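Reader: Could you take me through one part of this model up close, with the numbers that go with it? Keep it informal, and spell out any term you need before you use it.

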Amino acid sequence: MSHHGQPEVYVMKVGILGTGSIGGTLARKLSAAGHTVKVANSRGPDTIDPEVLSTGASGVTKEEVVTGIDVLILSIPFIRIPYLAPMLAGLPAETVVIDTSNYIPFRDDRIEAIEKGKPDSIWVSEKLGRPIAKAWNSIYSVTLKEMGRPVGHPDRVAAPVAADRDRDREVTMALVEESGFDAYYAGTIEESWRQQCGAPCYCTEITLAELPGALARADLARSRRRQDLAFAVYEEKYGTSGINPDGDFIVQLSRLINL
Ligand SMILES: NC(=O)c1ccc[n+]([C@@H]2O[C@H](COP(=O)([O-])OP(=O)(O)OC[C@H]3O[C@@H](n4cnc5c(N)ncnc54)[C@H](OP(=O)(O)O)[C@@H]3O)[C@@H](O)[C@H]2O)c1
């Protein structure tokens with residue numbers, strides 16, 4: 001057992017779809033942790049930033065990334081996820097598929113079912129026709145890159161994990177821990193709206209001691225309003241560029257609005 005009571009995860013074969021801010025950082029971290037990692041973007045292995053492959057991950061095509069793996073991490077824009085369904089149809093049922101995505105209406109098309117309250121990851125699970133786990137979605141890209149800490153460090157940031165199946169939960173929590181964050185089981189995918197954009201735990205760099213209270217205080221209508229407020233401030237400063245600002249602007253803004 002690990003320090004946090006999770007079963008140890010042995011060397012896993014991990015595929016990552018998306019090599020941007022989140023997928024690229026996870027590729028580096030999970031390779032450095034000893035896992036066998038392959039990654040793909042939409043354009044082909046030659047276009048992957050060498051930094052992403054600097055700790056041992058290999059760059060492959062989209063089709064190759066989903067073969068012979070124990071875990072598949074989805075780290076592509078939310079709205080593109082349905083296009084993966086045919087490719088994922090051949091994955092064994094037991095493969096752990098982890099969704100890192102967030103529905104962001106200013107960036108994605110409006111999705112009526114989600115506007116009416118369907119949790120983001122229920123929509124993803126339905127589009128893919130299979131169970132998924134949800135993790136890392138609440139961690140800002142700069143936090144993921146720079147704030148990973150060893151187990152027991154007083155500033156270690158916590159990350160909620162949602163999953164319906166025991167193995168999905170165990171494997172996902174172990175990988176979150178290995179990425180430098182305290183994993184906390186936040187409940188089923190149906191309950192995962194508590195970790196979506198605008199929720200108290202979203203991009204606020206809270207600790208394990210603070211996370212259960214933050215999840216309990218989540219209110220979907222308020223999260224939506226808070227997401228709109230945060231976007232209005234972001235847009236005033238950065239326009240619609242979609243950049244992830246360096247430094248702690250997003251975390252400060254999120255703490256001000258979401259907590
Ligand atoms: N940025 C954050 O702070 C943050 C935090 C938590 C969660 N998230 C979520 O995590 C997901 C990824 O975010 P990100 O910031 O890492 O995005 P990003 O930097 O824009 O990277 C997106 C990646 O997805 C790839 N991609 C797009 N469509 C694809 C497809 N059909 N097949 C394979 N690869 C595809 C892109 O490849 P190409 O470059 O070749 O197009 C790119 O490598 C999003 O859903 C986001 O909401 C983001």
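Author: Sure, one term before we start: two rings of Phe, Tyr or Trp (for Trp, its six-membered ring) make an aromatic pair if their centres lie within 6.5 Å, and planes under 30 degrees apart count as stacked. Keep in mind that this is a predicted model.

Across the whole structure, a search turns up 6 aromatic pairs. One to zoom in on is Phe-78 with Trp-123: this pair is stacked, with 4.8 Å from centre to centre and 20° between the planes. Phe-78 sits in the loop between strand 4 (71–74) and helix 3 (85–88), while Trp-123 belongs to helix 5 (residues 120–128), so the pair ties together parts that lie 45 residues apart in sequence.

Now for the ligand, which takes up the space of the largest pocket. There are 25 residues around the ligand, and those that come nearest are Ile-22, Ser-42, Arg-43, Ile-76 and Asn-244. By type, that shell splits into 13 polar, 8 nonpolar and 4 charged residues.

As for polar contacts, Ile-22 has a backbone N or O atom 2.8 Å from a ligand oxygen. Thr-19 also uses its backbone: one of its polar atoms there is 2.9 Å from an oxygen of the ligand. With Arg-80 the side chain takes part, placing an N or O atom 3.5 Å from a ligand nitrogen. Taken on its own, the ligand has 910 Å² of accessible area, and the protein covers 83% of that.

Conventions:
Residues numbered from 1 in each chain as written. Predicted model: local features only at pLDDT ≥ 70, side-chain atom pairs only at ≥ 80, totals over all residues. Heavy atoms only, no water. Near = heavy atom within 4 Å. Polar contact = N/O pair within 3.5 Å; in protein donor to acceptor, adjacent residues only side chain to side chain. Areas by Shrake-Rupley, 256 points an atom, 1.4 Å probe, with all protein chains shown as cover. 1 Å grid on protein atoms, 1.4 Å probe; cavity = no way out; pocket = protein on both sides within 12 Å on 5 of 7 lines; lining within 4 Å. Sits in = over half its atoms within 2 Å of the grid points. Nonpolar A, V, L, I, M, F, W, Y, C, P; charged D, E, K, R; others polar. Phe/Tyr/Trp six-rings, centres within 6.5 Å; stacked < 30°, edge-to-face > 60°. Helix = DSSP H or I, 4+ residues; strand = E, 2+ residues; numbered from the N terminus.
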